[in-house]
Amino acid sequence: MPTVEVMDLKDDDFLLDVREDDEWQAGHAEGALHIPISDFVARYGELTEAAPQDGRVHVICRSGGRSAQVTMYLVQQGIDAVNVDGGMQVWAAAGRPVITDDGRPGHVL
């Protein structure tokens, strides 16, 4: 399973958040694309439209389990995807910003 550490992510890396709506609304990384794992197959086209053509997709969830599943699926589809190790829990613990949709500080559920 291809993985990346939170600390190795750059601000302009493409981030796909696969957590559910309530988790996203509590707080997320700025600029991330949100497609819940429960809707992922039906909304797959949204990812292919938004993702950089020759870039990498960094997949994140709360702790890394759901994002690992989506990463494996994307790799099988021929997409350069990596799982963000430790997910949003490590993201927040590392001091990376977590915001709500209106830009206020958020938190990880």
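**Note on the fold, the ring cluster and two residues**

1. E4, H3 and E5 form a β-α-β unit, and its hand is right-handed. The model is predicted, so the points below describe a prediction. Helix H3 covers residues 65-76. The helix lies across E2, E4 and E5, the last being strand 81-85. Its direction makes an angle of about 165 degrees with E5.

2. The sheet comes next. Five strands make it up, in the order E1-E5-E4-E2-E3. The sheet is open, and the pairing is parallel. The edges belong to E1 (3-5) and E3 (33-34). Each of these has a single partner strand, so one side of each has no neighbour in the sheet.

3. Take E5 and its two pairings. E1 and E5 run parallel and are joined by three bridges. Val4 has Val84 in E5 as its bridge partner. E4 and E5 also pair in the parallel sense, over three bridges. There Val57 stands opposite Ala81 of E5. How enclosed is E5 by the rest of the structure? Four of its five residues are buried, so E5 is largely enclosed.

4. E2 (residues 14-17) pairs with E4 (residues 57-60). The two run parallel and share four bridges. E2 is also joined to E3, again in parallel, by two bridges. The chain gets from E2 to E3 through helix H1, residues 21-26. This β-α-β crossover is right-handed.

5. Asp17 deserves a look. In E4 it stands opposite Ile60. In E3 it stands opposite His34. Which residues of E2 are buried on each side? Phe14 and Leu16 are buried on one side, and Leu15 and Asp17 are buried on the other. Both faces of E2 are thus covered.

6. Ile60 lies in strand E4. At 0% relative accessibility, this residue counts as buried. Beyond residues up to four places away in sequence, Ile60 touches Leu15, Leu16, Asp17, Val18 and Arg19, among others. Further contacts of Ile60 include Ser67, Val84, Gly87, Met88 and Trp91. The C-alpha atoms of Ile60 and Thr3 are separated by 10 Å, with the two residues 57 apart along the chain.

7. Now the aromatic rings. The structure holds three aromatic pairs. Phe40 and Tyr44 have ring centres 6.0 Å apart and planes at 75 degrees, so this pair is edge-to-face. Phe40 and Tyr73 have ring centres 6.0 Å apart and planes at 90 degrees, so this pair is edge-to-face too. Ring pairs link Phe40, Tyr44 and Tyr73 into a cluster.

8. Where do the members of the Phe40 and Tyr73 pair lie? Phe40 is in the loop between E3 and helix H2 (44-50), and Tyr73 is in helix H3. The pair therefore ties together parts that are 33 residues apart in sequence. Is Phe40 buried or exposed? Phe40 is buried, with a relative accessible area of 4%. Tyr73 counts as partly exposed, at 28% relative accessibility.

9. One charge sits over a ring. The ring is that of Trp91, and the charge is the charged end of Arg96. The distance to the ring centre is 4.5 Å. Trp91 also appears among the contacts of Ile60.

10. Ala50 is a helix residue, found in H2. With a relative accessible area of 39%, Ala50 is partly exposed. Which residues does Ala50 contact, leaving aside neighbours within four places in sequence? They are Phe14 and Leu33. Leu33 is 17 residues from Ala50 along the chain, and their C-alpha atoms are separated by 8.0 Å. Phe14 is one of the buried residues of E2.

Technical notes:
Residues are numbered from 1 along each chain as its sequence is written. This is a predicted model: local features need pLDDT of at least 70, side-chain atom pairs count only at pLDDT 80 or more; totals for chains, interfaces and linings use all residues. Side-chain values use heavy atoms; hydrogens and water are left out. Two strands pair if DSSP finds at least two bridges between them. Contact means heavy atoms within 4.5 Å. Axes are lines fitted to C-alpha atoms, for helices over the stretch in contact, and angles run from 0 to 180 degrees between N-to-C directions. Buried means under 20% relative accessible area, exposed over 50%, partly exposed in between (1.4 Å probe, protein chains only). A crossover is right-handed if, with the strands pointing away from the viewer, the path from the first strand over the helix to the second runs clockwise. Rings of Phe, Tyr and Trp (its six-membered ring) pair if their centres lie within 6.5 Å; planes under 30 degrees apart count as stacked, over 60 as edge-to-face and the rest as tilted. A charge sits over a ring if NZ of Lys or CZ of Arg is within 6 Å of the ring centre and within 35 degrees of the ring normal.
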